[in-house]
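Please walk through this fold with me, one helix pair at a time. Keep the sequence and the 3D view open as you read.

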Amino acid sequence: MAFDHVADGPNGLVVGFDLDMTLIDSRPGIAAVWDAVAAETGVPIDSELVVSRLGPPLAVEAAEWFPEARVPDVVALYRRLYPGLAIAPSDDLPGVRDSLTAVHAAGGKVLVITAKNGPHAQLHLDHLGLEVDDLVGGAWAEEKGAVLREHGASIYVGDHLGDVRAAKVADAFSVAVTTGPYAAEELSAEGADVVLSDLTEFPAWLRSHLIR
């Protein structure tokens, strides 16, 4: 199926996607890791609260439960436990595979940008067999905007207010989904150009966007 790529940048059509709660539901796995961190450190952690606010970097969440001096060690412990506990329980969200296929069918590239560290993000993608062209980890909010600019992305899809800000920094079209912690009204108020209930709506939206 042919498209007119009105949204193309100098690198052709590049569509960026956030990972957690945009492409994958990583809550069960992340909760399991935090429960294990609590068991090993003896520090009570409300893992349900943690997974209700996914988005910011790991060190930010660790600082909610541990004094600053302990945060680096907690981050290291979490990352050591992550591959064995977080990958298998996490699944892709509705519409994800069709959305990635739609970008590729339009002749575009899929760029994943996430605050999660790159190796763990790649484990998720490999485990689920999600086909992406580029992956950048360790970037959050406005930092993602710099990555979007570097890759020439004209669209960024995410569930967090930080993802909306990232798109704005890069002068990219902000597509927000309500599969994360924010309601449609909050995402719109932050400046999202369009808000979708989930990625099942994305392929049709992309087609209409590209042939305007």
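In this predicted model, H7 and H8 meet through five residues named on each side: Glu142, Lys144, Gly145, Leu148 and Arg149 come from H7, and Asp163, Arg165, Ala166, Ala167 and Val169 come from H8. Sorted by class, this contact has five charged residues, four nonpolar and one polar. H7 covers residues 142–151 and H8 covers residues 161–169. Their axes lie 7 Å apart, at an angle of about 40°. An angle under 35 degrees would count as roughly parallel. H7 and H8 are therefore oblique to each other. Their crossing is right-handed.

Stay with H8. Its buried residues are Leu161, Gly162, Asp163, Val164, Ala166 and Ala167. What covers them? H7 is part of the cover, and so are strand S6 (155–158), strand S7 (173–177) and helix H9 (184–190). Among these buried residues, Asp163, Ala166 and Ala167 also belong to the contact with H7. After H8 comes Asp171, with a positive phi near 55°.

Now step back to the loop ahead of H7. Ala141 sits there, between strand S5 (134–136) and H7. Its phi is near 50°, positive although the residue is not glycine. Most residues other than glycine have a negative phi. Is Ala141 buried or exposed? Ala141 counts as buried, because its relative accessibility is 1%.

Met21 makes a similar stop on the tour. It lies in the loop between S1 and strand S2 (24–25). Phi of Met21 is positive too, near 70°, and Met21 is not a glycine. With a relative accessible area of 4%, Met21 is buried.

Next, the nonpolar interior. The largest nonpolar core holds 29 residues. Which of them have the most contacts inside it? They are Phe17, Leu23, Val157 and Phe202. Several elements each supply at least two residues of this core: strand S1 (14–17), helix H5 (96–105), strand S4 (109–113), H6, S6, S7, strand S8 (194–196) and helix H10 (202–210). A second, separate core has 25 residues, including Val37, Val51, Ala62 and Leu81.

Val157 shows how the largest core is joined up. Leaving out residues up to four places away in sequence, Val157 touches Val15, Gly16, Phe17, Asp18, Thr22, Val175, Val177, Leu199 and Phe202. Two of these partners, Phe17 and Phe202, are themselves on the list of residues with the most contacts inside the core.

Val194 is placed in strand S8. At 18% relative accessibility it counts as buried, because the cut-off is under 20%. Which residues does Val194 touch, not counting those up to four places away in sequence? They are Phe173, Ser174, Val175, Ala176 and Trp205. Val175 is also touched by Val157. Trp140 is another matter: its C-alpha atom is 21 Å from that of Val194, with the two positions 54 residues apart along the chain.

Turn to H1 and H4. Helix H1 spans residues 27–41, and its axis comes within 9 Å of the H4 axis. The two cross at roughly 130°. H1 and H4 are therefore oblique to each other. H1 passes H4 in a right-handed crossing. On the H1 side, the contact is made by Gly29, Ile30, Ala32, Val33, Trp34, Ala36, Val37, Glu40 and Thr41. H4 brings Val74, Leu77, Tyr78, Arg80, Leu81, Tyr82 and Leu85. By class, this contact has 12 nonpolar, two polar and two charged residues. Val37 and Leu81 reappear here from the second core.

H4 has another partner. Helix H4 (residues 71–85) and helix H6 (residues 118–128) have axes that come within 11 Å and cross at roughly 10°. H4 and H6 are therefore roughly parallel to each other. Arg79, Tyr82 and Pro83 in H4 meet His120, Leu123 and His124 in H6. The residues here divide into three nonpolar, two polar and one charged. Tyr82 of H4 meets H6 and also takes part in the contact with H1.

Finish at Ser52. It is in the loop between helix H2 (47–51) and helix H3 (58–62). Ser52 counts as partly exposed, because its relative accessibility is 43%. Its C-alpha atom is separated by 23 Å from that of Glu201, 149 residues apart along the chain.

Conventions:
Residues are numbered from 1 along each chain as its sequence is written. This is a predicted model: local features need pLDDT of at least 70, side-chain atom pairs count only at pLDDT 80 or more; totals for chains, interfaces and linings use all residues. Side-chain values use heavy atoms; hydrogens and water are left out. Axes are lines fitted to C-alpha atoms, for helices over the stretch in contact, and angles run from 0 to 180 degrees between N-to-C directions. Helices (H or I, at least four residues) and strands (E, at least two) are DSSP runs, numbered from the N terminus. Angles under 35 degrees count as roughly parallel, over 145 as roughly antiparallel, 65 to 115 as roughly perpendicular and the rest as oblique. A crossing is left-handed if the near helix is turned anticlockwise from the far one by less than a right angle, and right-handed if clockwise. Contact means heavy atoms within 4.5 Å. Ala, Val, Leu, Ile, Met, Phe, Trp, Tyr, Cys and Pro count as nonpolar, Asp, Glu, Lys and Arg as charged, and the others, Gly among them, as polar. Buried means under 20% relative accessible area, exposed over 50%, partly exposed in between (1.4 Å probe, protein chains only). A nonpolar core is a set of buried Ala, Val, Leu, Ile, Met, Phe, Trp, Tyr and Cys residues joined through side-chain atoms within 4.5 Å.
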